[in-house]
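Morning, everyone. Please pull up the sequence and the structure, and we'll go straight in.

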Protein chains: 2
Amino acid sequence: MNIKSAVMQLSSIAQEARLEIFRLLVQAGPEGLSAGNIGETLQIPASTLSFHLKELSHAGLIHSRQVSRYIYYSANYEAMNGLLAYLTENCCAGTKECAPLSTCKPTA
Amino acid sequence: MNIKSAVMQLSSIAQEARLEIFRLLVQAGPEGLSAGNIGETLQIPASTLSFHLKELSHAGLIHSRQVSRYIYYSANYEAMNGLLAYLTENCCAGTKECAPLSTCKPTA
DNA sequence: TCTATATTTCCATAAATATGGAAATATAGT
DNA sequence: ACTATATTTCCATATTTATGGAAATATAGA
């Protein structure tokens with residue numbers, strides 16, 4: 001992870017609509033949801049949704065795959081965990097002042 | 001944690017200078033560093049640094065305390081962990097598709 | 001091929017954010 | 001009070017980002 005990528009990923013979720021989309025996908029699991037499903041769930045106009053999905057994709061925080069006429073978007077769990085690790089990297093200079101915290105990681 | 005606060009916190013670190021400042025403080029530990037020390041380390045002009053420190057403070061990701069003429073800034077580890085938890089909340093709808101990942105948490 | 005539906009691109013406008021010099025404000029030592 | 005140093009505020013400018021309608025493009029079923 002480098003700082004430019006991290007800023008790009010953070011920027012991509014530092015916006016209300018996109019954070020909602022991302023969390024929805026994190027919770028949806030590896031299968032993901034179609035663009036239409038996301039737009040309907042979150043009440044976001046198609047062009048706006050498309051813009052936000054592209055931002056998230058471009059940052060690498062989500063994946064997309066085509067299934068017939070639908071495009072399914074899903075969280076990129078590996079990227080998410082890489083970002084979290086970057087934020088906490090060498091916390092407290094690695095001293096015992098810092099203890100482990102458990103969070104979520106999808107099974108391969 | 002609510003979405004507005006999360007977006008505010010993410011926005012505050014979704015910028016290269018501020019992410020550098022934040023990571024520096026996360027690594028510095030609970031004691032923190034003075035504004036001058038941060039500016040010198042990262043080569044940021046005083047007015048720009050002040051603007052960024054205010055952004056991080058306002059978002060709640062860092063604390064400040066005055067020590068004589070210096071102002072020491074430090075990471076708010078509790079806020080950071082709250083944000084990470086929000087991002088991964090109910091990951092994969094809580095199914096066994098998701099396994100725990102360990103990251104960093106400062107001891108009280 | 002025709003039609004319906006899904007999604008994206010184009011575009012203009014509106015709004016938010018970043019930058020750093022100069023001046024102002026604090027704090028402490030003499 | 002005077003001086004030196006630390007930090008913030010003010011301000012104008014430059015840059016980036018968000019919005020959504022209309023048109024374009026893709027996909028599949030009849």
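How do the residues of the surface near DNA strand C divide into nonpolar, polar and charged? Seven are nonpolar, 10 are polar and four are charged. Keep in mind that this is a predicted model.

Let's stay with the DNA. In total, 21 residues surround DNA strand C. The closest come from both chains: Gly36(A) and Tyr73(A), then Arg18(B), His52(B) and Gln66(B). Which part of the strand faces the protein? Count the atoms of DNA strand C within 4 Å of the protein: 67% belong to sugar or phosphate, and the rest belong to bases.

Now some individual side chains. His52(B) has a side-chain N or O atom 2.5 Å from a phosphate oxygen of DNA strand C. For Lys54(A), a side-chain N or O atom is 3.2 Å from a phosphate oxygen of that strand. Arg69(A) goes to another kind of atom: a side-chain N or O of this residue is 3.3 Å from a sugar or linking oxygen. Which elements give two or more residues to this surface? In chain A they are α3 (35–42), α4 (46–59) and β3. In chain B it is α4 (46–59).

Next, β3 in chain A. This strand covers residues 70–75, and Ser74(A) is found in it. Is Ser74(A) buried or exposed? Buried, because its relative accessibility is 8%, and the cut-off for buried is under 20%. What is around it? Beyond its neighbours within four places in sequence, Ser74(A) contacts Leu25(A), then Gly29(A), Pro30(A), Glu31(A) and Gly32(A). Leu61(A), Ile62(A) and His63(A) are also in contact with Ser74(A).

Over to chain B for the sheet. Three strands form an open sheet there, in the order β1-β3-β2, with antiparallel pairing. The edge strands are β1 (33–34) and β2 (62–67), each pairing on one side only. Two bridges join β1(B) to β3(B), residues 70–75, in the antiparallel sense. Look at Ser34(B): opposite it stands Tyr72(B) in β3(B).

Last topic, the two copies. In general, a rotation about an axis and a shift along it relate two copies of a chain. Here, chain B superposes on chain A by a rotation of 180 degrees, with 0.0 Å of shift along the axis and an RMSD of 0.0 Å. The two copies are therefore related as by a two-fold rotation axis. Both copies use the same surface: 100% of the contact residues of chain B recur in chain A. And which residue of chain B comes closest to the rotation axis? That is Ser102(B), with its C-alpha at 2.5 Å.

Technical notes. Residues are numbered from 1 along each chain as its sequence is written. Chains are lettered from A and ligands numbered from 1 in the order in which they are written. This is a predicted model: local features need pLDDT of at least 70, side-chain atom pairs count only at pLDDT 80 or more; totals for chains, interfaces and linings use all residues. Side-chain values use heavy atoms; hydrogens and water are left out. Copies are superposed by least squares on the C-alpha atoms of residues with pLDDT of at least 70 in both. Contact means heavy atoms within 4.5 Å. Two strands pair if DSSP finds at least two bridges between them. Helices (H or I, at least four residues) and strands (E, at least two) are DSSP runs, numbered from the N terminus. Buried means under 20% relative accessible area, exposed over 50%, partly exposed in between (1.4 Å probe, protein chains only). A residue is near a molecule or strand if one of its heavy atoms lies within 4 Å of it. A polar contact is a pair of N or O atoms within 3.5 Å; within protein, one must be able to donate a hydrogen and the other to accept it, and residues adjacent in sequence count only if both atoms are side-chain atoms. Ala, Val, Leu, Ile, Met, Phe, Trp, Tyr, Cys and Pro count as nonpolar, Asp, Glu, Lys and Arg as charged, and the others, Gly among them, as polar.
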